[in-house]
Number of protein chains: 2
Amino acid sequence: MDINQVNALTYEGFVHFFGNVVEKCPLVSAAVWSSRPFKDISDIEAHISDFINSLPDSGKEGILRCHPDLAGRDLQSGTLTRESTEEQGQAGMTTLDSAERLLMYRLNSEYKERFGFPFVICARLNSKAEIVRQLSQRLKNERAAELEHAIQEVTKICSLRLNSIVLPDIQTKL
Amino acid sequence: MDINQVNALTYEGFVHFFGNVVEKCPLVSAAVWSSRPFKDISDIEAHISDFINSLPDSGKEGILRCHPDLAGRDLQSGTLTRESTEEQGQAGMTTLDSAERLLMYRLNSEYKERFGFPFVICARLNSKAEIVRQLSQRLKNERAAELEHAIQEVTKICSLRLNSIVLPDIQTKL
């Protein structure tokens, strides 16, 4: 899909293709459809980022709370979204041994207990070891700083998802 | 579930039970979890309403765009959410004859073309005839007034969905 095709989409088509660029938050892409026409993919990304940043802290937390745990229950039970399945797979979360799974469970639980939202990181940009390192590190952050950090990760994930929708080989499948 | 049980839920439990009180917008209930403890169900409702009203117009439009058409494609193909299936059924949308279906299709299309979001009405509070009447009438509204009206319908739907979660006979099933 090129940007002209994106701009020609009805809101229904736009939500169909872009509804999960922010995990389980079709509201966000549905909202930015109001800002079309877009100059390019970066322009969509900027509108999404602006929208998220305009939300009160509770709204940002709400976005994070729509994300699954890394190597968590949804992965075990096969109920991750297609995008998350791919991303967690690429980061090695599907091939953890039992000690690694236990470590992730323990760290995720501690993180959720401390912040009231799940640990979110752009899995495609990080190895398994790096994810564990960052999770341990970010557990020590102050709440406000961690919220901002986590939202930055959401926008990185969003950017990669947006760019995967406009790949030429994906265009032919649509 | 009583309000103490609601207040004891983790964000994951809260999103599990309340994630669809605003259609396909788990972000909204996930956001209001930040405001717990709640005094009662009306208090949850008020926080949801405040959150929605704090959104820019694009965000309100985004919420509406996550809603299915009444008697539309999702109903035909069985891809409505559980809540919408019940609500559209109660309003007689599942038993339209072909002339009625065509009329709904035509009016829905005209409405979406005019406003850029779908016609949303609290189906449980309206008969089939009343829905057609209101759709025809609201088509003539100014855009800003219609956006407000549609959002009021979202909060009515939300209120009924919230109240259905706390029914005693549902509590025992959870």
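**Exercise 1. Locate A:Gln88 in this predicted model and decide whether A:Gln88 is buried or exposed.**

Solution. Begin with the secondary structure: A:Gln88 belongs to helix 7 (residues 82-90) of chain A. Next, consider accessibility. A residue is called buried under 20% relative accessible area; A:Gln88 has 4% relative accessibility and therefore counts as buried. Then list the surroundings. Apart from neighbours within four places in sequence, A:Gln88 is in contact with A:Pro68, A:Asp69, A:Leu70, A:Ala71, A:Leu75, A:Leu80, A:Met93 and A:Thr94. Finally, examine the polar side: the side chain of A:Gln88 reaches the backbone oxygen of A:Asp69 at 3.2 Å.

**Exercise 2. Determine why the span of helix 4 of chain B agrees with expectation, and state what the buried residues of this helix pack against.**

Solution. Helix 4 of chain B comprises 14 residues (residues 41-54). At 1.5 Å a residue the helix should span 20 Å, and its end C-alpha atoms are 20 Å apart, so the two values agree. At the start of the helix, a side-chain oxygen of B:Asp40 comes to within 3.2 Å of the backbone nitrogen of B:Ser42.

The buried residues are B:Ile41, B:Asp43, B:Ile44, B:Ile48, B:Phe51 and B:Ile52. Within chain B, they pack against helix 1 (3-7), helix 2 (11-18), helix 3 (26-32), helix 5 (57-65) and helix 10 (143-165). From chain A, helix 5 (57-65) is also a packing partner.

**Exercise 3. Identify which residues touch the most other members of the largest nonpolar core.**

Solution. This core has 108 residues, and the residues sought are A:Ile48 and B:Ile48. For the copy in chain A, the contacts beyond four places in sequence are A:Val21, A:Val22, A:Val28, A:Val32, A:Cys158 and A:Leu162. As a general background, nonpolar side chains tend to be buried together in soluble globular proteins.

**Exercise 4. Describe the interface of chain B and chain A, in area and in polar pairs.**

Solution. Start with the area: the two chains bury about 2000 Å² between them, 67% of it on carbon and sulfur atoms. In chain B, the residues that lose the most area to chain A are B:Tyr11, B:Leu27 and B:Arg65, together 33% of what that side buries. Contacts join 27 residues of chain B to 28 residues of chain A.

Turn next to the polar pairs. Two salt bridges are found across the interface. One pairs A:Lys112 with B:Glu12, whose closest N and O atoms are 3.0 Å apart. Eight residue pairs are in polar contact across the interface. On the chain B side, helix 2, helix 3 and helix 5 each give two or more residues; helix 5 provides the largest share, six residues.

Methods
Residues are numbered from 1 along each chain as its sequence is written. Chains are lettered from A and ligands numbered from 1 in the order in which they are written. This is a predicted model: local features need pLDDT of at least 70, side-chain atom pairs count only at pLDDT 80 or more; totals for chains, interfaces and linings use all residues. Side-chain values use heavy atoms; hydrogens and water are left out. Helices (H or I, at least four residues) and strands (E, at least two) are DSSP runs, numbered from the N terminus. The expected span of a helix is 1.5 Å times one less than its number of residues. Buried means under 20% relative accessible area, exposed over 50%, partly exposed in between (1.4 Å probe, protein chains only). Contact means heavy atoms within 4.5 Å. A polar contact is a pair of N or O atoms within 3.5 Å; within protein, one must be able to donate a hydrogen and the other to accept it, and residues adjacent in sequence count only if both atoms are side-chain atoms. A nonpolar core is a set of buried Ala, Val, Leu, Ile, Met, Phe, Trp, Tyr and Cys residues joined through side-chain atoms within 4.5 Å. Buried area is the accessible area (1.4 Å probe) that two parts lose on being put together, summed over both. A salt bridge is a side-chain nitrogen of Lys or Arg within 4 Å of a carboxyl oxygen of Asp or Glu.
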